[in-house]
Amino acid sequence: MNRVNKRKVIDTSLKVITYIASFIAVIILGAILFFVFSRGSKLLSFKILVTDYHSKPYRLETTVSAKGLSFENPHIKDAYFSENFGFAVKDDYTLEGIKTIRFVYIDDNSPLKTTINEQGEKSPFKEGFIFDSTMRAVLEDESTVTIFSRYGAENLVNVLSDAVGIQTANVKSEGGGIRGSIITTLYLIFLTLIIGLPFGILTALYLHEIAPQNKVTNLLRSFIDMLTGVPSIIFGLMGAAVFIPLTSALFSNPDMKRGSVIAGALTLVVIILPVVIKATESALSVVPKSYKEGSLALGATKTQTIFKIMLPNALPGILSGAILSVGRVIGESAALIFAMGTFIGDKISITGRSTSLAVHIWSVMGGEIPNVTLASTIAIIILIVVLALNMSVKVITNRFMNKYK
Amino acid sequence: MDKAKKRNRRIDKIAKNILLFTAILSALFIVLIIVIVALRGFRPFFLSYDGHKVSFFKFITGTRYFAPEYRIGYIIINTMYVVLLSVLVSAPISVLTALFVAKMAPKVLSNILTTTIEVLASIPSIIFGMFGKGYVVILVRNFADKIGIVTAGGQSTLATVIVLSMMIMPTITMLSITAIKSVPEDMEHGSLALGASETQTMFCISLNAAKPGIFAGIILGVGRALGEATAVTMVAGGRGSGPTFSLFSTTRTLTSTILTGIHEANFGSLEYDIRFSIGLVLIVVILVVNIILNAVKKRLGRYYEPS
Amino acid sequence: MRKFILSILVLVLGVVLVGCKGKEETIKVYTRDTTSGTRGAFFEIIGLKALAESNDGLVDGYIEASTNGDMMDSVKNDKNGIGYISLSGLSGSGLKGLEFNGVAATEANVLNDTYELKRPFMYIRKADADIGSEIEKQLVAAFLAFMDSKDGKEIIKNKDGIVGGIDTAPTWDSIKDQHAAALAEGDQVEIHFGGSTSVEKIARALSSAFSALAPRFKPMHNHTGSGAAYEGTRADGNLHIGFASRNLKDTESGTGVIYGRLAWDAVVIVVNSENELNNINTEQVKDVYTGEIKNWKDLRN
């Protein structure tokens, strides 16, 4: 009896431990998703997808005069209203969490109409502008007084109530958006696939269809296999040492020495190469031999058979490989930090420097104050896309496998 | 007829050569990587930069890392320590989870768990790093506060181990599931027929038989942990000297050392090239660890003869 | 096999437990890393110049923070912590600033020379001979003129820099015609700024305001520490203007180096907000950082 009981106790405790261990995975995933979504949903909006990251500075075109003007107060909560200039400001925080003053209302007839932007062009004075610098106001006796943003919104309005004009004002548009990084990520996906897919498909075709079964072929295969085991930071070193000088020389552009989108794309091509090759090869091996033999029997050349029969039938597998590569491009961080740099850009070009979404997270999490909120928002986007991609790979693989049964 | 045949043969030959060319190029990339890293990596030991030259021996065995002294001896030890702890934490959990999914759980639960693990496996490492820096580090800091230990804001060996364990768990689990599932059924039936309980069968027979496959999963997990860069850099803390074994002190791995400070380094300076040297050491460490672990795996598999 | 695994587990557990330490009431000393200008200024003024560049002599168990933000975070969460930050970061940091030798850390006390823990914010610029294009030379010159103008000084003051001579400086309007070439329209040119992270806030505000005035000016900031100010502005460096938050070393201010001061900053010694200490003098600070004084009890006299 004792032995049986002892057995039962051991059995039950082992079972309990196993149950607990299994649910740790669920708990971890739940914690990560909860963290990311709860912190990041605050900022998730259409606005953040289309705003630039860097705020743009503006200044007044000429001295703005308020002689004799008086405006009605729209009574906006927590805001201070300037009667003689017709605007309301409040103390607020930027998308990056820094204390600032924000223009929340500008009357249509306010003298604060036009500004000059960085390019020297005229631009309207918009609601939403941020003021965290200095302003110089003109008083009745023609002397000037400087208003500092550090003293707050109420101080700004109070000093202006005695003023008859504003001589200079350093304001800026709000930044903190991720438009640049989204576009960069799309560029990277496009460039990497355009270069990497043909490369990988042709290699896979060679290995699967043409290569003789000898030691050389095995050597080639093992060399390609070794690429999967290389940590991404080593790819980054390679990208920095090979592709950056290469592209910089190719485009004769010394600014590219610190990295560029094209250098990043080339590095990514090497990373996804084994993925594409493997997917293509396994797709080719599922195509029934009869297709190939039939085609050859009918008189087609080997080339025609490969490109007109085998390849089209392997397309679903190639598609999976492409989708997996896209997932890898979106998630890759270490290699791109080296090959592309961490400067968050707003005007994206192939030879310019900017960040992908993943590197944008790295950029805002480093620095003096890590911006966890913005990072979480980007993480939400990355997670949704990567999960959708993985699910579509599964669907494609299932349907493809059933096709030949 | 003859002209067409000749033309076809020529097309075939051209196509074959193009394909051969791309294949050789693909295979050459790994060679390119090793050559470049080695070339750049050897430079600090043989050239002098403004009169500085790094002694290889001191490089490998020293205990401090700030310019201009570059000694990564302690970093190698810390890297292995952190990876060892991560494996010790995640391997039991992964294996038990795999056992559960493969043998114990009802089909629905099994599918849910498998999907969960696949989702975890596809999360990019930067997100693990962000989760680590924004949450795990805070947890560690509060925990250390309660028991009276001081941490550098929570960035510590413990945080690094937790994050790495989370990252390699899906890898080990998925391979273990495959290994356990492929144990031939007659072994299990035989055990049950001899009177063993289900649990006994699962633990003593199935697990043991799946050992080589499970170990392969662990090897893959170790590889991933050794090579992880961004997530580790965000939670480790960048310690300047060592080695240190305390769970609550900051630490540093080979990968985080390569990654930090890359932007101050000018192309071609000592600061820049030394990172390639560290990369070279990293490659060697990964190779050596893989060889050793694979040898152990062969020994494990020796006692199990597939029928 | 099982015994082998078990013994490894025991070994690891043992190492881990031995590694852990922790005591209450011991002063936990925080410092910046050796490339930090804040660190250099701090140790120089309290009379421990050797500690500015090396960690030899620092009390055991010190912790290095890599940025001002790191330092603030660390001391904020450590009741036994003591560290030092730039005065510009004190408000809103959640930390308590100590009086130094009986004088409070305020702007007025820095300008009237009674608060001793002050340091200059310096800039170094690349020599014209080392700059490639004409437009870059003009933009650098114009920017520095803007920085010294009344408008520039007000911007520095707005970002908590302590600057004198605001009223006597010329307005930008009155001197901008001297830089007409730099303010013309055309393709954008990258001008690289770097150096101290303590000066970064001020540098960014200046470059932001200046870029609205000069259409070709495109500022790029990469601040990694005061050490980069001299290094980055050499002929082979990649900065046009570097900032340092300390006095320049003799090696950095030799002939041929073009530098100047844009503001003062005070270094304030900070402790956790729950700490009862209000004042600390030079001897005490020295003793804390060299390990002569190890407990908070010994300071509360």
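This report walks through a predicted model with chains A and B, from the domains to one residue in chain B.

## Domains of chain A

Let us start with chain A. Its domain assignment gives three stretches: residues 1-40 form domain 1, residues 55-172 form domain 2, and residues 179-403 form domain 3. If you look for domain 1 and domain 2 of chain A in the model, you will find their C-alpha centres 60 Å apart.

## Where the two chains meet

Next comes the contact between the chains. On the chain A side, 65 residues are in contact with 62 residues of chain B. Helix H1 of chain A, residues 2-40, supplies the largest share of that side, with 16 residues. By class, the side of chain A that touches chain B holds 48 nonpolar residues, 12 polar ones and five charged ones.

## The build of chain B

Chain B has 12 helices and two strands. Reading from the N terminus, you meet its elements in the order α-α-β-β-α-α-α-α-α-α-α-α-α-α. How spread out is chain B beside a compact globule? The radius of gyration of chain B is 25 Å, well over the 19 Å that the globule rule gives for 307 residues, so chain B is more spread out than a compact globule.

Along the principal axes, the C-alpha atoms of chain B fill a box of roughly 90 × 75 × 35 Å. Of its 307 residues, 49% count as buried. Sequence distance adds another view: among contacts in chain B between residues at least 6 apart in sequence, 75% join residues at least 24 apart.

## Domains of chain B

The domain assignment of chain B gives domain 1, residues 1-46, and domain 2, residues 56-301. The C-alpha centres of these two domains of chain B lie 36 Å apart. Seven residues of domain 1 of chain B are in contact with nine residues of domain 2 of chain B. On the domain 1 side of this contact there are four nonpolar residues, one polar residue and two charged residues.

## A closer look at B:Ile117

To finish, try finding B:Ile117, which sits in helix H4 of chain B, residues 107-122. Is B:Ile117 buried or exposed? A residue is buried if 20 or more other C-beta atoms lie within 10 Å of its own; B:Ile117 has 24 C-beta neighbours inside 10 Å, so this residue counts as buried.

Which residues does B:Ile117 touch, not counting those up to four places away in sequence? They are A:Ala25 from chain A, together with B:Pro170, B:Thr173 and B:Met174 from chain B. B:Thr97 lies 20 residues from B:Ile117 in sequence, and their C-alpha atoms are 9.8 Å apart in space.

Terms used:
Residues are numbered from 1 along each chain as its sequence is written. Chains are lettered from A and ligands numbered from 1 in the order in which they are written. This is a predicted model: local features need pLDDT of at least 70, side-chain atom pairs count only at pLDDT 80 or more; totals for chains, interfaces and linings use all residues. Domain bounds come from an automatic or database domain assignment. Two residues are in contact if their C-beta atoms, placed from the backbone, lie within 7 Å. Helices (H or I, at least four residues) and strands (E, at least two) are DSSP runs, numbered from the N terminus. Ala, Val, Leu, Ile, Met, Phe, Trp, Tyr, Cys and Pro count as nonpolar, Asp, Glu, Lys and Arg as charged, and the others, Gly among them, as polar. The radius of gyration is taken over C-alpha atoms; the globule rule is 2.2 Å times the number of residues to the power 0.38. A residue is buried if 20 or more other C-beta atoms lie within 10 Å of its own, exposed if 12 or fewer, and partly exposed in between; C-beta atoms are placed from the backbone.
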